[in-house]
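Colleague: Could you take me through the salt bridges of this model, one pair at a time? I would like to know where each partner sits and how well it is covered.

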Amino acid sequence: MRALIATLVLGAFAPILDTTMLTIAVHTLVVDLHTDVATIQWVSTAYLLALVVSIPLCGWLDARLGGRRTWLAALAVFAAGSALCALSWSPMSLVAFRTLQGAAAGVLMTNMQTIAVRAAGGGSVARVTAALGVPIALGPLIGPVLGGALLHWADWRWMFAINVPLCVAAVVAALRVLPDDAPAAGSAPPLDRTGLALLAPGIVLTFYGLAELAGSGASVGVLLAVGVGAALIAAFGAHALRVGDRALVRVRLLRIPTVAASTLAGLVVGGALMGTMFLLPLYWQTVRGDGALATALLLAPQAVGAFVPRFFVGGLVDRFGPRPVAVSALALMAAATVPFAFVTAGTSPVVLALVLFVRGLGLGAVLVPILSSAYTGLSRDQFPHASMFTRGAQQLGGAIGVAAVAVVLQAGLAHGPADAALHPAFWVMAVVTALGVVPALRLPGRAGRAA
């Protein structure tokens, strides 16, 4: 089991490292590709849109190819996309190849959960989930520092090229370690084309609208995109309820209390995580005047704090159950967000480092009980759909969280300085985090086990 987890972590590390490195390369890409920030922003937007669109396909791919072949194919596509990104000759070529990367990353990160939970069998899903979170915890710590080093001693192309050997190593390990779970010929259900035709554009429009809302503010076009996208997603929900298990995503699983609670809690946590991560760099860069690399280093205590619980949170969930662990982690996160609603340019960085470390402890613990609860009592064929719910909810919550605090921040900047404008935005994040306790209270009181 340890070899399997290590293999999955190795494969997941490439997309996480890629995303965190790119956050400090925007200015370099603008200069080297002779373009503007608005165009380069599509390097991240296209990646996100492709990632979220690929998530609903994971259940069908798993049933059609099996977990192992789906994982290998996604790794191969991500490696190819990374190599092409490193060879990009224009902004649009880089955006196109990032789209390929994003589609593969969505499948990789979702499929990883399914493979691991199946392999756990009757064992501790919480411990497996905690182990899978290692690259997520390490990414924000290693990525910006490595990206800064590559930009200093090489150039931005190496930020993509470095993914190729990682993916190759993960493929070699997967061929040796992952069980061959190819389904029997003819056993896979047909692709739900109607569902895909509704859900794919619905997701693209919704996430695009939220991204634009966070970037340029509300407009008729942006609000229309979000509204039409939400309507298409709702139409898919009605379609999925009608066709049942033949749907692209089995929406009926949300009738199971543990799946519904995990999905809603994941939505809130995604918003609290990404919304706050949107605000924190702005404080250091706008209010205190620090550079991108310095900001990454100043945020490192949170990443360190998020890594620490990975060693014991699985045991806590097994002993006390998902509910108390999730509630405690959310309370810790909310409490450690409040101090940022009072920060100024002169606030002690030592105090902020301690607060970030404490907040990181909550971050590192909160997702394990939420994700592990989603599989309680489900059959093996339902695991991919539970993975899609939890992964998709985190992504949607993140987009909503960033859009919400961006709107609050823009309103504040219209009437005052940056530090004063950040305060209400941090209050919003503290309240959102605290509200996550509500769905967390619906999680099992004792740790459940997947079937």
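Modeller: Happy to! A residue is called buried under 20% relative accessible area, exposed over 50% and partly exposed in between (1.4 Å probe, protein chains only). Please bear in mind that this is a predicted model, where local features need pLDDT of at least 70 and side-chain atom pairs 80 or more, while totals for chains, interfaces and linings use all residues. Numbering starts from 1 along each chain as its sequence is written, and side-chain values use heavy atoms, without hydrogens or water.

Let me set the scene with the fold. The protein chain has 21 helices and 0 strands (DSSP runs, H or I of at least four residues for helices, E of at least two for strands, numbered from the N terminus). Its C-alpha trace spans about 60 × 50 × 45 Å along the principal axes. Of its 451 residues, 52% are buried. If we take contacts (heavy atoms within 4.5 Å) between residues at least 6 apart in sequence, 84% of them join residues at least 24 apart.

Now to your pairs. Side chains of opposite charge can pair when their charged atoms come close. Here a salt bridge is a side-chain nitrogen of Lys or Arg within 4 Å of a carboxyl oxygen of Asp or Glu, and the structure holds 4 of them.

One of these joins Asp18 to Arg98, with the closest N and O atoms 2.4 Å apart. The two partners come from distant parts of the chain, 80 residues apart: Asp18 belongs to helix H1 (residues 2-22) and Arg98 to helix H6 (residues 91-120). Asp18 counts as buried because its relative accessible area is 2%. Arg98 also has a value of 2%, so this arginine is buried too.

Another bridge is formed by the side chains of Asp318 and Arg127, at 3.0 Å from N to O. Because Asp318 lies in helix H16 and Arg127 in helix H7 (residues 125-132), this pair ties together parts that are 191 residues apart in sequence. Asp318 has a relative accessible area of 28%, so the aspartate is partly exposed.

A further bridge connects Arg250 and Asp381, whose closest N and O atoms are 2.8 Å apart. Both partners sit in loops, and the pair again links distant parts of the chain: Arg250 is in the loop between helix H12 (220-243) and H13, Asp381 in the loop between H18 and H19, and 131 residues separate them. The relative accessibility of Arg250 is 13%, which means that the arginine counts as buried. Asp381, by contrast, is partly exposed because its relative accessibility is 42%.

The helices H13 and H19 just mentioned also appear around H20, so here is a brief look at the packing there. The buried residues of H20 pack against helix H13 (257-287) and helix H19 (383-413), as well as helix H17 (322-337) and helix H21 (437-440). Those buried residues of H20 are Ala421, Leu422, His423, Ala425, Phe426, Met429, Ala430 and Thr433.

To recap the coverage you asked about: Asp18 is buried at 2% and so is Arg98, likewise at 2%. In the loop pair, Arg250 is buried while Asp381 is partly exposed. Asp318 in the remaining pair described here is partly exposed as well, at 28%.
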